[in-house]
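The following exercises concern a predicted model. Please work through each task before reading its solution.

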Amino acid sequence: MNEFIEAMAQVPTAVTVITVKDERDDVGATVGTFTSISLDPRLVMVSLENTGYLNELLLRRDRWAASVLSAGQKAIASRFATAGRPGARLLLAGTPHHRGGLSEALVVDGGVTALEAETTQVVPAGDHTLYIARVLDVSYVTPGVLPLVRLRGRYRPVG
């Protein structure tokens, strides 16, 4: 298993915060597996650990947001990756963000891109669950901003 973990650590992944509006609070987590899978229809996929609260919520709530973080947003990534973290509104206090008009989820501003999505298919995959979702809206795109990636166990800017 350690050899597999080490092998996969060599593959850079975009650092993304997934958020969802619960009935009582806003919940979010930093993920390393978020990608587009189809242009027509516009589909994306996120992979979440089966044991996380966000996974539990996405099984009940179809609409969510994905904010792909920029190189300058390492602190946000760390906040959303910490175990036992408070609600997303507290984690984003003092950080520019807005509420998505279609998902009602919090969207982090200042990243590389952000979108709102609606789950169309849930696929169990070992100790993770894959959520395939239709893109409802692209909140913003900032082509000149460098993304934050996770590589060899650390957050790193590209370049």
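**Exercise 1.** Locate Ser-70 and determine whether Ser-70 is buried or exposed.

*Solution.* Begin with the chain position: Ser-70 sits in the loop that links β6 (63-68) to α3 (74-81). Next, take the relative accessibility, which is 5% for Ser-70. The cut-off for a buried residue is under 20%. Ser-70 therefore counts as buried. Finally, list the contacts, leaving aside residues up to four places away in sequence: Ser-70 touches Gly-110, Gly-111, Val-112, Val-145, Leu-146, Pro-147 and Leu-148.

**Exercise 2.** Establish the strand order of the three-stranded sheet, and explain why β1 and β12 each have one side without a neighbour.

*Solution.* The sheet is open, with antiparallel pairing and the order β1-β11-β12. Because β1 (13-14) and β12 (154-157) are at the edges and have a single partner strand each, one side of each lacks a neighbour in the sheet. Two bridges connect β1 with β11 (residues 148-151) in the antiparallel sense, and Thr-13 has Arg-150 of β11 as its bridge partner. Lastly, α3 lies across β11 and β12, at about 160° to β12.

**Exercise 3.** Describe the seven-stranded sheet and identify its edge strands.

*Solution.* This open sheet, with antiparallel pairing, follows the order β3-β2-β6-β9-β10-β5-β4. Its edge strands are β3 (26-31) and β4 (34-38), each pairing on one side only. From one strand to the next, the twist averages 35°. Within the sheet, β9 (residues 113-125) and β10 (residues 128-141) run antiparallel and are joined by 12 bridges; Thr-113 stands opposite Val-141 in β10. To place the helix, note that α3 lies across β2 (16-21) and β3, running at about 110° to β3.

How values were computed: Residues are numbered from 1 along each chain as its sequence is written. This is a predicted model: local features need pLDDT of at least 70, side-chain atom pairs count only at pLDDT 80 or more; totals for chains, interfaces and linings use all residues. Side-chain values use heavy atoms; hydrogens and water are left out. Helices (H or I, at least four residues) and strands (E, at least two) are DSSP runs, numbered from the N terminus. Buried means under 20% relative accessible area, exposed over 50%, partly exposed in between (1.4 Å probe, protein chains only). Contact means heavy atoms within 4.5 Å. Two strands pair if DSSP finds at least two bridges between them. Axes are lines fitted to C-alpha atoms, for helices over the stretch in contact, and angles run from 0 to 180 degrees between N-to-C directions.
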